[in-house]
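Good morning, colleagues. I should like to take a few minutes of your time for one structure, which is now shown.

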Amino acid sequence: MTRPSVIVFAGEPASSPVPPAPGPAVAATPASSPVPPAPGPAVATTPASSPVLPAPGPAVATSAQIQTLPEKILKDAWAGNESHVLVSIIGPYKMYYWDIKQIGHDMELESEVINAYLAVKVKDFNKENPRRQRATFIDTFEMSNIWNKGTSRLKIDPLDYDVILGIVNDHHHWTLTVMYQGQKRCQLLDPLGESAFKVKRCTEITRRFLKSKGCNISRLKRNSPPHPQQPDGTSCGVFALKFAENILSAEEHISFATTKQAIAEHRWNIATTLIQHTDYLSANCCYCAGQRDEYTYWITCDVCNRWFHHECLGRPPTHRSYICGGCM
Ligand SMILES: [Zn+2]
Ligand SMILES: [Zn+2]
């Protein structure tokens with residue numbers, strides 16, 4: 001069997017060692033055999049055809065590295081594969097083939113993708129920015145609350161941040177809002193252009209939100225910098241993310257290419273970034289995203305090495321290799 005080239009995901013060590021489990025050693029099993037519940041942390045098994053060898057001492061993983069190229073996931077997803085197979089976890093955000101498909105041509109980005117991408121960009125900004133500014137983002141679910149009610153139960157102290165980004169979905173249209181608490185300023189960047197009504201509404205909502213978090217700002221400046229506008233009916237999410245990216249890179253002018261081909265490239269880059277920045281996937285069931293534990297039977301895909309609860313897959317037969325929906 002030829003395997004695809006190995007991609008090492010962020011946070012995943014090259015050789016993907018699994019921490020040795022305390023307690024008795026657990027034998028590795030051939031691929032597609034359900035793994036018996038083991039005491040201690042979940043234990044990886046070896047690929048098909050590896051011999052079953054009960055090892056003395058703590059069990060040691062031999063192969064658990066997920067092997068799928070981002071390009072392959074992307075091409076498959078954009079060609080219509082919408083398998084319920086997890087391809088990326090970024091903090092609390094989980095993306096399956098379906099989510100990646102939604103980044104493709106003429107599709108509307110959905111919340112999970114928007115939030116995960118903002119999480120990556122904000123993390124990079126906080127790690128790298130030389131001016132020691134702090135940024136954060138409010139996720140789309142909370143932003144909708146704030147946009148509709150002006151308040152939120154979100155625990156956040158605006159004084160901790162120089163820039164707070166929030167992408168809101170207003171009538172199926174993504175728009176970026178930015179709060180600069182220290183500068184007593186807010187911005188609205190609508191991929192279709194800003195109406196005076198919407199800018200005013202954004203200012204009122206921001207003021208009410210900041211007040212609810214203890215920042216009493218009587219006068220809030222507002223502006224909407226010039227920016228490219230979406231030329232189609234589906235790219236508002238892509239544009240809102242590009243605006244956020246431009247703002248975080250402190251570019252004076254918000255500019256990026258907006259030809260059909262350029263938008264396709266932005267989509268490709270967003271999807272690739274999300275796949276490459278995944279947290280360590282081998283700790284999760286790639287169906288339900290649940291954490292691996294010692295009380296459950298597990299099965300692994302013979303091609304990509306993703307792990308699944310045997311139960312989550314509807315208990316497929318274990319006498320032959322299992323190949324997941326992403327690899328079929
Ligand atoms: Zn599961
Ligand atoms: Zn697979």
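I shall speak about a sheet, the helices that accompany it, and two residues with unusual backbone angles. Please bear in mind throughout that this is a predicted model.

Let me begin with the sheet. It is open and mixed in its pairing, with five strands in the order E3-E4-E5-E6-E7. Strand E3 (135-138) and strand E7 (221-223) form the edges, each pairing on one side only. On average, neighbouring strands are turned by 20° against each other, direction ignored.

Within this sheet, E4 and E5 run antiparallel and are joined by six bridges. In one of them, Ile 164 has Met 179 in E5 as its bridge partner.

I turn now to the helices. Helix H3, residues 111-128, packs on the sheet and touches E3, E4 and E5. The direction of H3 makes about 170° with that of E3. Helix H5, residues 196-212, lies across E5, strand E6 (185-189) and E7. H5 runs at about 135° to E6.

Finally, the backbone angles. Most residues other than glycine have a negative phi. Where, then, does His 171 lie, with its positive phi of about 50°? His 171 belongs to the loop between strand E4 (163-169) and strand E5 (174-180). His 171 counts as exposed because 5 other C-beta atoms lie within 10 Å, the cut-off being 12 or fewer.

Arg 315 also has a positive phi, near 50°, and is found in the segment after strand E9 (307-309). With 12 other C-beta atoms within 10 Å, Arg 315 is therefore exposed as well.

Thank you for your attention.

Notes:
Residues are numbered from 1 along each chain as its sequence is written. Chains are lettered from A and ligands numbered from 1 in the order in which they are written. This is a predicted model: local features need pLDDT of at least 70, side-chain atom pairs count only at pLDDT 80 or more; totals for chains, interfaces and linings use all residues. Helices (H or I, at least four residues) and strands (E, at least two) are DSSP runs, numbered from the N terminus. A residue is buried if 20 or more other C-beta atoms lie within 10 Å of its own, exposed if 12 or fewer, and partly exposed in between; C-beta atoms are placed from the backbone. Two strands pair if DSSP finds at least two bridges between them. Axes are lines fitted to C-alpha atoms, for helices over the stretch in contact, and angles run from 0 to 180 degrees between N-to-C directions. Two residues are in contact if their C-beta atoms, placed from the backbone, lie within 7 Å.
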